[in-house]
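Here is a report on a two-chain model. Look first at the chains and how they meet.

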Amino acid sequence: MAKMQTPVHAQHETDHATLGLYISGFLLSLLFTLTAFGLVEEHVHSGHTVFSHQFLIGATVVLALAQFFAQIYFFLHLGRETKPRWKLLVLFFMVLVVLIVVIGSIWIMYNLNYRMTPDQINQYMINQNGGI
Amino acid sequence: MSEVALGIQEEEREADVKTTFGFWVYIMTDCVLFASLFATYAVLHRNTFGGPSSNELFSLPYALAETLVLLTSSFTCGLAVLAAQRRNKNLVLACFAITALLGLTFLGLELHEFRDFVLQGDSWRRSGFLSSFFTLVGTHGLHITSGLIWMAVMIAQIQRRGLTRGTLRRLNLLSMFWHFLDVVWIFIFTIVYLQGVL
């Protein structure tokens, strides 16, 4: 019987969740959301002078990622999975695909925008659609 | 005899683990769908074609209210899972009812925002920016809608059949789906709304 056990057996369901986990996840998410909102609201009310643009874009992305990890851990219970960590593996693959799609699209479109003059774009659209 | 019973239990648990994993893979592919919509939005969000730009259009407190409603619903959905583990049927139903109400509130807020934009003449036909905005946020809204339908079915099933192995498994999948929608919304709130008004 023991020999028939496949690695899947070692993986338990997420049935060990506790109230404490959900409360910590909720409070952390609340904290990250309100911080991000507060920073941006302060900036807008002060007439866009308090923080630099780059700082705020960086700060909001970091806070979003922090909340992403908090929810993945506390709500979806990832990271509490026993080996083999198939869910984590699929998550990594998803992140890889997402990065390629998002960074690749922005890069290509920015590059096209940079290299083509408005005349070239118009000509391209005329060729493609028979008009603008 | 007990060995056979144990074997069946093991088999059932393995089936549950496989179903959960399969659903997880679906959720991850759905993330790729949202990523492509985010990429489209990132490329198009400055192409306003003379229409309103994102900082003229969006109201941050309104978006924050939507965010808090959805976050709270994600939390109450987690409470439903906890109640299910304790086999407390009425508490499960109560938690799901609250979650569904909060989900409906969120959907109402979102549709109200859409309606205001369309009535101002800023529909998806106005500019590339608005097309990508409506596609991204609308796709999330569609997911929320299907989640709400699923939740209604779930509530009816639990009421009729109680907390059986089958309903418990689907309840766990539904909670995964609902938490996932909240995770996607974090990025919509950050990239579309917060960074939109900068």
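The text below takes chain A, the contact between the chains, one helix pair and the nonpolar core in turn.

The model is predicted.

**Chain A.** Chain A has four helices and zero strands. From the N terminus its elements run α-α-α-α. Of its 132 residues, 17% count as buried. Take the contacts in chain A between residues at least 6 apart in sequence: 58% of them join residues at least 24 apart. The domain assignment splits chain A into domain 1 (1-84) and domain 2 (85-132). Four residues of domain 1 are in contact with five residues of domain 2. On the domain 1 side, two of the touching residues are nonpolar, two are charged and no residue is polar.

**Chain against chain.** The contact draws 41 residues from chain A and 40 residues from chain B. On the chain B side, H1 (2-44), H3 and H6 (165-194) each supply at least two residues. H1(B) gives the most, with 17 residues. By class, the chain B side holds 26 nonpolar, 10 polar and four charged residues.

The class make-up of two contacts is set out here.

| Contact | Nonpolar | Polar | Charged |
|---|---|---|---|
| Side of chain B that touches chain A | 26 residues | 10 residues | four residues |
| H1(A) with H3(B) | 12 residues | four residues | one residue |

**One helix pair.** Helix H1 (residues 19-45) of chain A packs with helix H3 (residues 60-85) of chain B. Their axes lie 10 Å apart, at an angle of about 175°. H1(A) and H3(B) are therefore roughly antiparallel to each other. From H1(A), the residues in this contact include Leu19(A), Tyr22(A), Phe26(A), Leu30(A) and Phe37(A). Glu41(A) is also among them. From H3(B), they include Leu60(B), Leu64(B), Leu71(B), Phe75(B) and Gly78(B). By class, the contact of H1(A) with H3(B) has 12 nonpolar, four polar and one charged residues.

**The core.** Which residues touch the most other members of the largest nonpolar core? They are Phe38(B), Ala80(B), Val184(B) and Ile188(B), in a core of 64 residues. Both chains feed this core: H1 and H2 (53-74) of chain A each give two or more residues, as do H1, H3, H4 (89-119), H5 (128-161) and H6 of chain B. H6(B) gives the most, with 16 residues.

Phe38(B) deserves a separate look. Leaving aside neighbours within four places in sequence, Phe38(B) is in contact with Val102(A), Leu136(B), Phe187(B) and Ile191(B).

Conventions:
Residues are numbered from 1 along each chain as its sequence is written. Chains are lettered from A and ligands numbered from 1 in the order in which they are written. This is a predicted model: local features need pLDDT of at least 70, side-chain atom pairs count only at pLDDT 80 or more; totals for chains, interfaces and linings use all residues. Axes are lines fitted to C-alpha atoms, for helices over the stretch in contact, and angles run from 0 to 180 degrees between N-to-C directions. Angles under 35 degrees count as roughly parallel, over 145 as roughly antiparallel, 65 to 115 as roughly perpendicular and the rest as oblique. Two residues are in contact if their C-beta atoms, placed from the backbone, lie within 7 Å. Ala, Val, Leu, Ile, Met, Phe, Trp, Tyr, Cys and Pro count as nonpolar, Asp, Glu, Lys and Arg as charged, and the others, Gly among them, as polar. Domain bounds come from an automatic or database domain assignment. A residue is buried if 20 or more other C-beta atoms lie within 10 Å of its own, exposed if 12 or fewer, and partly exposed in between; C-beta atoms are placed from the backbone. A nonpolar core is a set of buried Ala, Val, Leu, Ile, Met, Phe, Trp, Tyr and Cys residues joined through C-beta atoms within 7 Å.
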